[in-house]
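Subject: Structure handover and notes

Hi there,

Here is the structure I promised to pass on to you. Please have it open while you read, since my notes follow below.

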Amino acid sequence: MATGRTHRPATRSRGIPEATVARLPLYLRALTALSERSVPTVSSEELAAAAGVNSAKLRKDFSYLGSYGTRGVGYDVEYLVYQISRELGLTQDWPVVIVGIGNLGAALANYGGFASRGFRVAALIDADPAMAGKPVAGIPVQHTDDLEKIIEDNGVSIGVIATPAGAAQQVCDRLVAAGVTSILNFAPTVLSVPDGVDVRKVDLSIELQILAFHEQRKAVEEGAATDGSHPAAAPREESAEQGPDGDVPAVMPA
């Protein structure tokens, strides 16, 4: 089986927009659920509703994959699962290292969805000497002193950073120097990386703050409706999560 070092997906070279790439996992999740229920075909409208997008956008996204469906029948679920999995590079083995095995890192290590989606947790790494050798999710934790050797021995090109903010940039620099070219960052800080290295940032506190904003706005609108006033409509702002042709999932690039 191929590893992450021997092949990289060709989505960018084939001209698939980043916003479309960001929606492919949403389609795959919806299609996988249909496959598990043994649903053979699905219409663009049904699949779009399940993925949370409009059907016109879905059909445009699938046109980049060369998949157009059959009029009156829809899309073949199993074929689309394969096609999107292949496009995302999930038909091969991607070894992943997780650096920072605190509460969040341990939770990620115990997440059962990695293996079924083409990712293998190759190593768990932590700076605490007391953690060395302790099993988490059946994998012994290794010390950061061995990070470079671990990356090389396992052919790792994807790293997950779940360290405190103060340690994240140093860990990132070491991962990149060791050959890691894609990083998923859970640390609450913005990482600086050279060209050719992709970073995706997941900041749970920012997502909660956005939800708090919407809750506050709803409370103000409900209060205004109760006392009979009509607040002026706020100008529509472009979301920081939008791509050039629409909304993308709330996993933000660093």
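Let me start with a question: which residue in the turn of the hairpin formed by strand 5 and strand 6 has a positive phi? The residue is Ala137, with phi at about 55 degrees, and the hairpin has two residues between its strands. Please keep in mind throughout that this is a predicted model.

**The strands around that hairpin**

Ala137 sits in the loop that runs from strand 5 (135-136) to strand 6 (139-143). The positive phi there belongs to a residue other than glycine. With a relative accessibility of 39%, Ala137 counts as partly exposed, because the buried class ends at 20% and the exposed class starts over 50%.

The two strands of the hairpin pair in the antiparallel sense, over two bridges. If you want a spot to click on, Pro135 has Pro140 in strand 6 as its bridge partner. Strand 6 also pairs with strand 4 (residues 119-126); here the strands run parallel and three bridges join them. On that side, Ile125 stands opposite Gln142 of strand 6.

There is another non-glycine residue with a positive phi, namely Ser38, at about 60 degrees. Ser38 belongs to the loop between helix 1 and strand 1 (41-42). Its relative accessible area is 66%, so Ser38 is exposed, whereas Ala137 is partly exposed.

**The aromatic cluster**

Next come the rings. The structure holds three aromatic pairs. One of them is Tyr27 with Phe62, an edge-to-face pair with 5.0 Å from centre to centre and 75 degrees between the planes. This pair links distant parts of the chain: Tyr27 is in helix 1 (residues 18-36) and Phe62 is in helix 3 (residues 55-65), 35 residues apart. Both partners are out of reach of the probe in this model, as Tyr27 is buried with a relative accessible area of 0% and Phe62 is buried at 0% too.

Phe62 also pairs with Tyr75: the ring centres are 5.1 Å apart and the planes stand at 85 degrees, so this pair is edge-to-face. Here Phe62 of helix 3 meets Tyr75 of strand 2 (residues 75-76), so the contact ties together parts that are 13 residues apart in sequence. Tyr75 is buried as well, with a relative accessible area of 5%.

What do Tyr27, Phe62 and Tyr75 form? They form one aromatic cluster, with Phe62 taking part in the pair with Tyr27 and in the pair with Tyr75.

**Salt bridges**

Now for the charged side chains. How many salt bridges does a search of the whole structure find? It finds seven, and I will go through some of them here.

Glu148 and Arg174 meet through their side chains at 2.8 Å, N to O. The two belong to distant parts of the chain, since Glu148 lies in helix 7 (residues 147-154) and Arg174 in helix 8 (residues 165-177), 26 residues apart. Glu148 is partly exposed, with a relative accessible area of 33%, and Arg174 is partly exposed with 23%.

Another salt bridge joins Lys218 and Glu215, at 2.7 Å from N to O. These residues are three apart in helix 9 (residues 204-227), so about one helical turn separates them. Lys218 is partly exposed at 40% relative accessibility, and so is Glu215, with a relative accessible area of 48%.

Are the partners in the salt bridge of Asp203 and Lys201 buried or exposed? Asp203 is buried, with a relative accessible area of 9%, and Lys201 counts as buried at 7%. Their side chains meet at 3.6 Å, N to O, a distance that qualifies because the limit is within 4 Å.

**Where to look**

For a quick tour, you could begin with the hairpin of strand 5 and strand 6, move on to the cluster of Tyr27, Phe62 and Tyr75, and end with the salt bridge of Asp203 and Lys201.

Best wishes, and enjoy the browsing!

Methods
Residues numbered from 1 in each chain as written. Predicted model: local features only at pLDDT ≥ 70, side-chain atom pairs only at ≥ 80, totals over all residues. Heavy atoms only, no water. Phe/Tyr/Trp six-rings, centres within 6.5 Å; stacked < 30°, edge-to-face > 60°. Helix = DSSP H or I, 4+ residues; strand = E, 2+ residues; numbered from the N terminus. Buried < 20%, exposed > 50% of the residue type's maximum accessible area, 1.4 Å probe, protein only. Pairing = 2+ DSSP bridges.
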